[in-house]
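Q: Could you take me through one small part of this model, slowly and in plain words? I'd like to know what sits there, and then what the surroundings look like.

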Amino acid sequence: MHFETEAIRNQLERSSFKEHSSPLYVTSSFVFDDAEEMRASFAEEKDRAIYSRFTNPNTSEFISKMCALEGAEAGYAFATGMSAIFSTFAALLNSGDHIVSCRSVFGSTHSLFTKYLPKWNIQTSFFKVDEVDTITSLITENTKILYAETPTNPAVALLDLAVLGAIAKKHNLLLVIDNCFATPYLQQPIKYGADVVLHSATKLIDGQGRVLGGVAVGRADLIREIYLFSRNSGPALSPFNAWILSKSLETLAVRVDKHCENALQLATALESNTAIKTVKYPFLPSHPQYEIALQQMKKGGNIISIELHGGIAAGRTFLNNLKMCSLSANLGDTRTIVTHPASTTHSRLPESDRLETGITEGLVRISVGLEHIEDITNDIEQALVTL
Ligand SMILES: *Cc1c(COP(=O)(O)O)cnc(C)c1O
């Protein structure tokens, strides 16, 4: 079946009520007919729900759709994107193991690498997003995981998934990709050799700024380790959030199509704006990795990064001038959201560290929403006039 059909028709078996749309199973546990059924279920001879920390029909439906959409063998769903990321490392790594990661990763992922994993003697070496050729020199005999996000947050740089897949294969590493910005609709890392694909479902998968969620999908043997760790440590997605996210997947393709159409139109309009030094959007021919974008992405996504001429002061003025767009930390919402990392999310980092991840003083990230494109463009352009 096609992506759109799979996202809609891949659903739970109907209950005796013959409901059309999957119901919400708000229950912490499930009952057994007799001692034998209970024994067989715990022995995993029977595939059925036991307790919602392990499995629940709503989380199972969400996982089943995500596996179909990413082309994965198995998956497990989490309360947040960060619990998916942490549990993957905790399940797959041992003390003494080493990670090679791109430096441009989500802020909390970077904190796991630098503050927490070292507590268990797991070290990480970083390569710059435009220096993929240095990866091989960072690999040691203890390296187990090659980790990256593409497109990156907030600079919208791209990594060539085919190149990462080839390096991982050659050096026998697990390739773990955070596919949050692209969603499986635009990019499927497993095709390029990814072993585990991670998502914050909080972003475009929910798409309406309502619930937190995360998911890990990939090779069945690796997901089994992640599942066993999670079954014991407890980061499970709630049935209610799973139900919301599974419904959200039904409209992922149409929503992301419109997000991409709006983003491309806005990015094109901003390219000729004199208050802006540069506009970065994967599907603009001016993007430094435009060829990679065409090769591995269906469309350009909903995130644009712009560089204002006036640095920090211009970034703050721009944010204050906006009348409609939201100032918020989320992204991938129906509402257009604008952030200025240098004065907010990344303000405590020394400038040299900011620059290393591509966060310049005038960098503004726009998560383009689903409002009418004229209203989005008008608001952004009027906010740029006085800069
Ligand atoms: C938001 C985000 C995360 C973390 O997800 P949460 O659901 O907020 O825990 C991880 N990676 C990327 C790329 C993100 O944008």
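**A loop, residue by residue**

A: Let's start with Thr 150, which sits in the loop between β4 (143-149) and α7 (161-170); helices (H or I, at least four residues) and strands (E, at least two) are DSSP runs, numbered from the N terminus. Before going on, keep in mind that this is a predicted model, where local features need pLDDT of at least 70 and side-chain atom pairs count only at pLDDT 80 or more, while totals for chains, interfaces and linings use all residues. Residues are numbered from 1 along each chain as its sequence is written, and side-chain values use heavy atoms, with hydrogens and water left out.

Back to our threonine. Thr 150 has 1% relative accessibility, so it counts as buried (under 20% is buried, over 50% exposed, in between partly exposed, with a 1.4 Å probe and protein chains only). Who is around it? Setting aside neighbours within four places in sequence, Thr 150 is in contact (heavy atoms within 4.5 Å) with Ala 157, Leu 158, Leu 159, Leu 161, Asp 178, Asn 179, Ala 182, Gln 187 and Gln 296. With Leu 159 there's also a link through the Thr 150 side chain, which reaches the backbone nitrogen of Leu 159 at 3.0 Å.

Now look at the next bond along. Thr 150 and Pro 151 are joined by a cis peptide bond, with omega about -5°, and Pro 151 lies in the loop between β4 and α7. A little further on, Asn 153 and Pro 154 are joined by a cis peptide bond too, with omega about -5°. Pro 154 is likewise in the loop between β4 and α7.

Follow the chain past α7 and you meet Asn 172, in the loop between α7 and β5 (174-178). Its phi is near 60°, a positive value in a residue other than glycine. Asn 172 has a relative accessible area of 70%, so it is exposed. Asn 121 also has a positive phi, about 60°, although it is not a glycine. Asn 121 belongs to the loop between α5 (107-116) and β3 (123-127), and it is partly exposed, with a relative accessible area of 40%.

For another threonine, try Thr 317 in helix α13 (residues 311-321). This one is partly exposed, at 32% relative accessibility. The Thr 317 side chain reaches the backbone oxygen of Ala 313 at 2.9 Å. Beyond residues up to four places away in sequence, Thr 317 touches Thr 386 and Leu 387.

Finally, some helix packing. Helix α4 (residues 81-92) and helix α9 (residues 220-233) pack at about 105°, with their axes 8 Å apart. Therefore α4 and α9 are roughly perpendicular to each other (that label covers 65 to 115 degrees; under 35 is roughly parallel, over 145 roughly antiparallel, the rest oblique). On the α4 side, the contact uses Phe 86, Ser 87, Thr 88, Ala 90, Ala 91 and Leu 92, and on the α9 side Leu 222, Glu 225, Ile 226, Phe 229 and Ser 230. Compare helix α11 (residues 252-270) with helix α15 (residues 373-385): their axes come within 10 Å and cross at roughly 30°. That makes α11 roughly parallel to α15.

Methods
Axes fitted to C-alpha atoms, helices over the stretch in contact; angles between N-to-C directions. Polar contact = N/O pair within 3.5 Å; in protein donor to acceptor, adjacent residues only side chain to side chain.
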